[in-house]
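Let's take a friendly walk through this model together. Have the structure open beside the text as you read.

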Amino acid sequence: MTIAHGLTLFEVGRTFAQAVRDEPAVKSLWASAHRDYFELWLVTAPVDADTERRLYGLIELLFEAFPDARIRLHVINREAFEDFELTSIVPRGAENYSAALVLDDGCADERSSAQG
Amino acid sequence: MDARTSAHLRRAERNRDIAREIIESSWSVQPAPYEWAVVAGFYAAVHDVNAYLWEKHQYEPRDHDDRQRAVARHADLKPVLGAYTRLRDLAFQARYMATFRVTEAAARAAVSSDLADVERAVMSALGAGPAGSPD
């Protein structure tokens, strides 16, 4: 999907996946496109506040790569959810970029089965 | 200091005080509404950033996305981009995700670390003392 300036969800998702691929706490990455902004959903293992803060700071790479795009980052720390259920958090239609992380903790299956 | 800057700083201080009071109060509502401490904390950070942008650049952000980009763009604030973005997202999740829970410890961390970092960066750039302290 293209929003503005020819930028696609794929470019945004892939770029962020590359930025976080070496982060051990990262479990999966989802991305969705809206009328005038992109959203990224980074699912992590239980992490402390310092780790979260560092992950949030990586949005700087997206701002540098795509200076005109509106991009919102959500770090989804499983520990902060009562009855964690990915499908109730990530919007329907979000694309899974976990493969670009070369990580798979079963979230992709969880999502697929919930939508399937 | 410009009057609009001062107004933003006063609102930031008020929102920070509200966040702290939510954390320190005893609540009959259970679980205690710590999620609103995070929301108030985020809006304290919003006004801190607005104060900086107005005083230093005569700029009023259009919306949250614009403000966040400004944090990333200006060297004075860039070191706290992670803290600011975390506060923004915690406040988002607290408001919109029905199963998201903010513990007392998480609320304290958001206010005493994330918000405090943003506040320090802004006050340092403005050459002002910490909010609430005598000049």
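## A helix across the sheet

This is a predicted model, and chain A is a good place to begin. Here helix H1 (residues 9-20) of chain A lies across strands E1, E2 (38-44), E3 and E4. Relative to E1(A), H1(A) runs at about 160°.

Those four strands of chain A form an open sheet in the order E3-E2-E1-E4, with mixed pairing. E3 and E4 (95-96) of chain A are the edge strands, and each has a single partner strand, so one side of each has no neighbour in the sheet.

How many bridges join E1(A) to E4(A)? Two do, and the strands run antiparallel, with E1 of chain A covering residues 26-33. If you would like a pair to find on screen, Ala31(A) has Glu95(A) in E4(A) as its bridge partner.

## Where the chains meet

The contact between the chains draws 20 residues from chain A and 16 residues from chain B. On the chain A side, helix H2 (49-57), helix H3 (59-65) and strand E3 (71-77) each supply at least two residues. H2(A) gives the largest share, six residues. Sorted by class, this side of chain A has ten nonpolar, three polar and seven charged residues.

## A helix in chain B

Over in chain B, helix H4 spans residues 81-96 and has 16 residues. From first C-alpha to last, H4(B) reaches 22 Å, close to the 22 Å expected at 1.5 Å a residue. H4(B) is also mostly covered, with 13 of its 16 residues buried.

## Confidence

The average pLDDT of chain B is 95, and 96% of the residues score at least 70. For the complex, the predictor gives an ipTM of 0.92 and a pTM of 0.90.

Methods:
Residues are numbered from 1 along each chain as its sequence is written. Chains are lettered from A and ligands numbered from 1 in the order in which they are written. This is a predicted model: local features need pLDDT of at least 70, side-chain atom pairs count only at pLDDT 80 or more; totals for chains, interfaces and linings use all residues. Two residues are in contact if their C-beta atoms, placed from the backbone, lie within 7 Å. Ala, Val, Leu, Ile, Met, Phe, Trp, Tyr, Cys and Pro count as nonpolar, Asp, Glu, Lys and Arg as charged, and the others, Gly among them, as polar. The expected span of a helix is 1.5 Å times one less than its number of residues. A residue is buried if 20 or more other C-beta atoms lie within 10 Å of its own, exposed if 12 or fewer, and partly exposed in between; C-beta atoms are placed from the backbone. pLDDT is the predictor's confidence in each residue, from 0 to 100. Two strands pair if DSSP finds at least two bridges between them. Axes are lines fitted to C-alpha atoms, for helices over the stretch in contact, and angles run from 0 to 180 degrees between N-to-C directions.
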